[in-house]
Amino acid sequence: MFGTLRARPVASRSEQPDCRHTFLEWFRKSQQGLPPPAFNEVDDAYGDAGMYYETMRRNVLAEAVSSFCSSGPRVQLDAKQTLKGVAVTRVQLESQNGSDPSQSGADLQLKDNVVGVDGELFWVTKCEVSSVQILGGTKHMAELEGFSSSGSQLHEVHFPYGQEKQLRVHIFAGDYLNRYRCAHELLLGMGLTDPELERAVLNPRCRGVGTYRPAGQIREDLMPINSDQRSAVYGLSSRLEIVHGPPGTGKSTTIFHMLSSRLPSTPCAAIVTCVTNQAIDAVVEKLGQTHDCPGGLRILVLGNPDRVGRTAGQYTLDNLCKRDELVLSMTWAANLLSRTLKAVVTLQSTRMERLWRPHRRSRLQLPQIECLPSVIRYRLDLEAGNWERRRRGEAPVPYDPVDFYLRRIDGIKKKLAQAAIQLRPARFLRRRRFGMPRLPRVEWHVHPFQLRLEKALERARAALSLATSTAAARNVRKTRVLLYTIPSSYKVMQLQEDFQDDFPKRLFLGVLDEAAATAETYIPLILRLRVENLVLLGDHKQLSPLVLATGGDREIKEKNVDRSLMERAIDNGLRPHSLRVQYRMPEVLCTLVSNLFYGGLLRTAPRETRTIMDRMGRLSLGQLPELRWFNVTVSELDVGTSKINPAEVVHVIELLRSDPVLNSTLDLVMIITLYKPQAALLQDALSKLLPHRMASVKVVTVDAAQGSEAPHIVLSTVRSNATSSIGFAHNPRRLNVAISRAQKTLTAVGNKDVFRASQPNWSRVVETFSRQGQVSDVSGHMLRTALSWHFVEERASQMAERSASKGKGKGKGKGMASRRELCLHWSRGHCRYGRHCRYEHD
C-alpha cells in the first residue's frame with residue numbers, strides 16, 4: 001500500500017550536513033550585502049519527483065532569507081553569560097499584566113530562533129524559561145544554548161566581567177527548517193511516500209484511484225448536512241480531491257461527514273491539518289461531538305494546549321490522558337480506599353484513646369524506683385553516655401529516674417492498648433425501634449479489615465500508576481483523527497517513533513483545510529507522512545499564500561511561487577466539488593459577495609435550516625441596517641511605507657462607546673483593518689481608553705482574519721487621499737475576506753468617495769451600502785472634539801516619528817522620512833522641535 005524508496009542516491013542521516021548551517025550561512029551572506037537565492041519557477045506539472053522537491057527546497061530557502069532581510073531584528077534583549085550559555089531576562093510589572101503581551105515570558109521562548117551577538121548569528125537549540133516573583137512584578141529568565149555557522153557555541157562568546165551585551169532576535173526559522181529538511185530528505189530518498197498520491201501531486205491530471213471506503217451512513221442525527229456537502233462526501237474517488245468552500249459554507253461540517261462516513265473501519269487514521277490554530281479549533285468543535293460516542297471518531301490534537309483554541313486544547317494528549325477512563329476509574333478506587341482507610345484509622349485511634357491514658361504519677365518511692373533493673377541499666381547507659389559527652393566538650397544529660405520510669409510504664413500501657421484494639425472486636429449497638437425486643441450487639445473485627453484495606457490501597461495505587469503510564473499508548477491506539485497545524489507535522493513523526501506499536505498502521509486520508517492559503521512548500525510535509533489520499537478544502541477566491549521576497553511581488557507572481565497546490569490543480573483542469581450554500585452572512589451581504597466573486601452561485605441557507613440562536617440574533621437587531629458606512633474624510637498619515645488614519649480610530653472608539661449595536665452587544669466585535677500600523681494603533685487606543693471592552697473586542701488585519709468570523713465586524717479602510725489611491729486594497733481577494741466575515745452586521749469606517757472612484761469592485765460595495773444599507777457622514781470637527789482625539793493623535797505622531805527615525809540615514813530604505821514632507825504638527829500650529837525638526841515648516 002505504501003510507496004518504496006525512489007531510485008535516487010540514498011545517504012544516511014549522519015552523512016548529511018545540518019540544514020541549520022545552510023540557513024545560518026545564507027543569513028550571514030545577506031548581512032554582508034549579498035542577494036538572497038533566487039526562487040525557482042513552479043511548473044504546472046512535474047514528471048520527476050526530484051525536480052519538484054528541489055524546487056520546494058530552493059523556494060523555502062529563498063523565502064527564509066528574504067524574510068530575514070526584510071524584517072530586521074524583532075526585539076533586543078540584555079544578555080549575560082552563564083556556565084551553559086547565555087541568559088536573557090525580562091521583567092513584567094504587575095501594572096502591565098494583560099495590557100502588553102510583549103512584556104510576558106512568552107517572548108523568551110526562543111528555541112529555533114536566529115539571534116545575533118556581537119555581529120555573529122547563532123541558532124538557538126535549547127531554551128529553558130523560568131519565572132521568579134519579585135517586588136512589584138515577575139522576572140522571566142531564559143537560558144539559551146546555540147551554535148553559529150562557523151561552529152562556535154553561544155556560551156563561547158566573550159563577555160566582559162560583570163557586563164551585559166545586546167542580543168538581537170532576528171527571525172523564527174523553525175518553520176522554514178522543517179519544510180526545508182523534509183524536502184531535502186525526500187530529494188535524497190531518505191523518506192517514504194505513497195507513490196500514487198505523489199504522482200497525483202506532481203501532475204494533478206493523473207489523479208489515480210483513491211482507496212476510500214464506500215460511502216456509509218451519513219450521521220445526520222449528529223450534524224445536519226445539505227445536498228452540496230452530501231455530493232462532496234459521496235464524490236470522493238481520486239487520490240487528490242478538491243472541495244471549493246466559499247465563506248460560511250460549512251467546510252468543517254463537510255470534514256466531519258467525510259471522516260465519519262468514508263474512513264475505513266480497519267486500524268487506520270486520518271489527519272486534518274491547516275495553517276492556523278483557529279481553523280483546527282473550528283474542526284474540533286464538530287468532531288468533538290462524537291469523540292466519546294460508541295463508534296464515534298476519537299480525535300487527538302497535536303500542539304501546545306496554550307496556543308491551540310480552547311476547544312482543541314481539551315483533546316491534546318496530556319489532557320486526554322487525564323480524562324482516560326481507566327485512569328479515572330483507578331483514581332476513583334484509590335481515593336475511595338484511601339478515605340475508607342482514613343476512617344478506619346480514626347476509629348482505631350478513638351478506641352486507643354479510650355483504653356490508654358498517659359501515666360502521670362507512680363505509687364513507688366524514689367528508692368524503690370532506683371532498685372528496678374531497667375532503671376539500673378538506664379543509669380549505667382547514661383553514665384557512659386555522659387562520659388563520652390564530657391570528652392567531646394558537650395553538656396551531660398541530667399539523671400532523672402522517675403521520668404524514665406513513667407515513660408517506660410506509659411509505653412507498656414500503650415502497647416497493651418494497641419494489642420487490645422487489634423484483638424478485641426468493636427461492638428456497636430443496633431438501633432431499637434419502639435415495641436421491638438432488644439437486639440444483640442454487632443461485633444466487628446476492625447484490625448483484619450484494616451490490613452485488607454491497606455493491601456487493597458497498595459494494589460489500587462500500583463494499578464493507577466500502571467494506568468497512568470500506559471494512558472498515552474491507549475489513547476494513541478484508539479485515535480482515528482489527528483489534528484495539527486501544518487508546521488507541526490514533525491510531531492506526527494515523533495508520535496510514530498514514540499508509539500511504534502500503538503500508532504495506526506495506515507494514514508488513510510489527509511485533509512488540508514484552508515488549502516488555498518497554504519503555500520505549496522508545505523506539501524512535502526504531508527507526503528512525508530505516507531498519506532494515501534489528500535483532500536484540499538479552501539477558497540481560491542480568497543487570499544493566496546503569503547510569500548516574502550526582497551525583489552517584490554513581481555518575481556513571486558511571475559514564477560507562481562505564491563500559488564497553492566489547490567490553485568495549481570484547478571489550473572490543470574481538476575474539477576472541484578463546490579459548496580454553494582452559506583450559513584454565516586446576512587442575505588444582503590451574501591448577495592453582494594456572491595455577485596462580486598462567485599458569479600451569483602453562492603446563496604443563503606433557507607431560514608428554517610438556521611439555528612435558533614442565529615435567528616434570535618438577527619431578530620434582536622430590529623430595524624437597524626445590517627450594512628452601515630460611516631464616511632470619514634480626514635486624510636491618512638504615512639508611517640514608513642505603511643499608512644494609518646487616526647480619525648478612523650477615533651470614530652471606531654466612539655462607536656464602541658455610544659453606538660446602539662456595538663455598545664450594547666454581548667457578542668464578539670472584530671475590528672478588521674488593511675494595515676498593520678492601523679491595527680497596532682487601534683489595539684493601543686482600546687487598551688487605554690476602553691480596557692473593559694478588551695475581552696469582547698478583537699483587532700486583526702485582513703490577512704489574519706481569513707478563516708475567522710464574528711457577529712459584528714467593523715472595517716477600517718484607512719485610505720483617504722486626493723488621488724483616490726488605495727494601494728494593495730485593489731486586490732479583490734483581500735476585499736473578499738474583508739467583507740465576508742460578518743454574521744450579523746458589517747460596519748465600514750472610511751472615505752467612501754476614495755474607494756468608489758478607485759476600483760469597480762469597491763464601487764459596487766459602496767453602492768450596495770448606499771442602496772441597501774445606511775451611509776452617514778462624519779465631520780472632522782466632531783472627531784477633533786471627541787474625548788479620544790488627543791490620545792490617538794499623540795500616539796499616531798509618535799508612530800510616525802519612530803518610523804521616520806528608523807529610516808534616517810539609510811538612504812531610500814523602508815521607513816525613510818523624506819525632507820520634502822510637510823511637518824504635521826507645524827500645519828496644526830505647533831511643533832515642539834522647532835528648527836531641529838526633520839520635516840519642512842513651510
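This report describes an open six-stranded sheet and the helices around it in a predicted model.

The strands follow the order β22-β21-β23-β24-β18-β25 and pair in parallel. Strands β22 (697-701) and β25 (774-778) form the edges; each has a single partner strand, so one side of each lacks a neighbour in the sheet. On average, neighbouring strands are turned by 20° against each other, direction ignored. At the β25 edge, five bridges connect this strand to β18 (residues 627-632), and the two run parallel. Arg628 has Gln774 of β25 as its bridge partner.

Two helices that contact the sheet are listed below.

| Helix | Residues | Strands touched | Angle |
|---|---|---|---|
| α20 | residues 646-658 | β18, β21, β22, β23, β24, β25 | about 140° with β24 |
| α25 | residues 760-772 | β18, β23, β24, β25 | about 110° to β18 |

Among the strands touched by α20 are β21 (669-673), β23 (710-716) and β24 (742-750).

Helix α23 (residues 732-739) is largely enclosed by the rest of the structure, because six of its eight residues are buried. The buried residues are Arg734, Leu735, Asn736, Val737, Ala738 and Ile739. Their packing partners include the strands β21, β23 and β24. The buried residues of α23 also pack against the helices α18 (587-597), α22 (702-705) and α25. At the start of α23, Asn731 places a side-chain oxygen within 3.0 Å of the backbone nitrogen of Arg733.

Notes:
Residues are numbered from 1 along each chain as its sequence is written. This is a predicted model: local features need pLDDT of at least 70, side-chain atom pairs count only at pLDDT 80 or more; totals for chains, interfaces and linings use all residues. Side-chain values use heavy atoms; hydrogens and water are left out. Two strands pair if DSSP finds at least two bridges between them. Helices (H or I, at least four residues) and strands (E, at least two) are DSSP runs, numbered from the N terminus. Axes are lines fitted to C-alpha atoms, for helices over the stretch in contact, and angles run from 0 to 180 degrees between N-to-C directions. Contact means heavy atoms within 4.5 Å. Buried means under 20% relative accessible area, exposed over 50%, partly exposed in between (1.4 Å probe, protein chains only). A polar contact is a pair of N or O atoms within 3.5 Å; within protein, one must be able to donate a hydrogen and the other to accept it, and residues adjacent in sequence count only if both atoms are side-chain atoms.
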